[in-house]
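Trainee: I would like to go through this model step by step. Please keep the reasoning explicit.

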Amino acid sequence: MNNWEENVRRVVPYVPGEQPKEQNIIKLNTNENPYPPAPGVKEALVSLNTDLFRKYPDPAADALVSALAEHYHLRKEQVFVGVGSDDVLAMIFLTFFNSGKRILFPDITYSFYDVWADMLRIPYERLPLNEKFEIVKEDYVRENGGVIFPNPNAPTGALLPLADVEEIVKKNQDVVMVVDEAYIDFGGVSALPLTEKYHNLLVVQTFSKSRSMAGMRIGYAMGNEKLIQYLNDVKYSFNSYTMNQTALAAGIEAVRDVAYFRETTQKIIRTRERVKPQLRELGFSFPDSRANFLFVTHESCPAKELFEALKKEKIIVRYFAKPRIDNYLRITIGTDEEMDTLVEFLRRYLDKPNERKKG
Ligand code: PMP
């Protein structure tokens, strides 16, 4: 090893889901929205004045922050934006988890949390979900340096009732507590109103799922003005211009089109609820997801085998070779046609157990 290598910040990076180049695949592996962004987004981009690109964007991203503040009935000072919620969450870890005490999150959860904690040398404790893959709220009453969990949780899809979220916040008022609501728009109840009462609570959301803009990279945090101020101080000490002109223009249009947002999220919810009984009938079980994915396990066919079989069929889902969840598949809710193709294939495949074993 070279001497300089002794001082490298060594990290084990997060591994995102595959983005295959191939056409004609059914891509149900990264919880993207199958529908296009609001029509106004395209119009805004087509008419974007590229002369704007000569200049730096507004470091405060004021137009986007204002659109979000208006939408959620907040003051601008209560909204922080970043390059996807991954950027927002990383800033939150950097800004608030500095006590040296362990931060708390579930054992089965978004697999970026431990990556940020390791990178930033934040100690942490993973609290096991119960056997139904639910967060055990009583476990979060212990000394800690901060609390974070997604609601609905990922990759399980299970939603913690708002009253339970509040109970956890109530018991943790001396640390910053974060509810990662990447999937909240698919039938969950947001903790946003609690931010008025609990000034240590941050609610994080994203344009990547319910607003069909994973490729544009926009995320945001909402909470008390003091929290947002601290986040901005760190952001401006890192990179002033995180939000580019294109993302600003597109983001504003996406927030404004409430009717389209409702229509597409409702469509996904309807598809999810239609597919649930079909999968149950085929021998799958799963937590009752309120997200745009289902986390399924089959009574007899191993998840790994199904993952491979689906892949051969050009249907890509997500498989995690991790303790407790290595017999599960996370399947994003696609269009009705995509889900019909998936269910049809599973029906055929699971119907022939003998051929399966030989194959
Ligand atoms: N939180 C959770 C729970 C997620 O599943 C994801 C998506 N990978 C994110 C945050 C980050 O999403 P984005 O950076 O696209 O906003």
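The questions below go from the whole chain to its domains and then to two residues.

Trainee: How many helices and strands are there in the protein?

Mentor: This is a predicted model, and the elements are numbered from the N terminus. The protein contains both kinds of element. The count is 12 helices and 13 strands.

Trainee: Why is the protein said to be as compact as a globular protein of that length?

Mentor: For 359 residues the globule rule gives 21 Å. The protein is as compact as a globular protein of that length because its radius of gyration, close to that value, is 21 Å.

Trainee: What percentage of the residues of the protein count as buried?

Mentor: A residue counts as buried when its relative accessible area is under 20%. Applied to the 359 residues of the protein, that cut-off gives a buried share of 54%.

Trainee: What percentage of the contacts with a separation of 6 or more comes from residues 24 or more positions apart?

Mentor: A contact needs heavy atoms within 4.5 Å. Among contacts in the protein with a separation of 6 or more, the share from residues 24 or more positions apart is 71%.

Trainee: How many residues of domain 1 and of domain 2 are in contact with each other?

Mentor: Domain 1 is made of 20-35 and 259-351, while domain 2 covers 39-256. Their C-alpha centres lie 26 Å apart. The contact involves 26 residues of domain 1 and 27 residues of domain 2.

Trainee: Is Ser-85 buried or exposed?

Mentor: Ser-85 lies in helix 3, which spans residues 84-96. Leaving out residues up to four places away in sequence, Ser-85 touches Val-204, Gln-205, Thr-206, Ile-218 and Gly-219. Buried means under 20% relative accessible area. The relative accessible area of Ser-85 is 9%, so Ser-85 is buried.

Trainee: Which residues does Phe-93 touch, not counting residues up to four places away in sequence?

Mentor: Phe-93 is also found in helix 3. Its relative accessible area is 0%, so Phe-93 is buried. With residues up to four places away in sequence left out, Phe-93 touches Ile-103, Tyr-113, Trp-116, Ala-117, Leu-120, Ile-122 and Ile-148.

Trainee: How far apart in space are Phe-93 and Val-178, C-alpha to C-alpha?

Mentor: In sequence, Phe-93 and Val-178 are 85 residues apart. In space, their C-alpha to C-alpha distance is 9.8 Å.

Notes: Residues are numbered from 1 along each chain as its sequence is written. This is a predicted model: local features need pLDDT of at least 70, side-chain atom pairs count only at pLDDT 80 or more; totals for chains, interfaces and linings use all residues. Side-chain values use heavy atoms; hydrogens and water are left out. Helices (H or I, at least four residues) and strands (E, at least two) are DSSP runs, numbered from the N terminus. The radius of gyration is taken over C-alpha atoms; the globule rule is 2.2 Å times the number of residues to the power 0.38. Buried means under 20% relative accessible area, exposed over 50%, partly exposed in between (1.4 Å probe, protein chains only). Domain bounds come from an automatic or database domain assignment.
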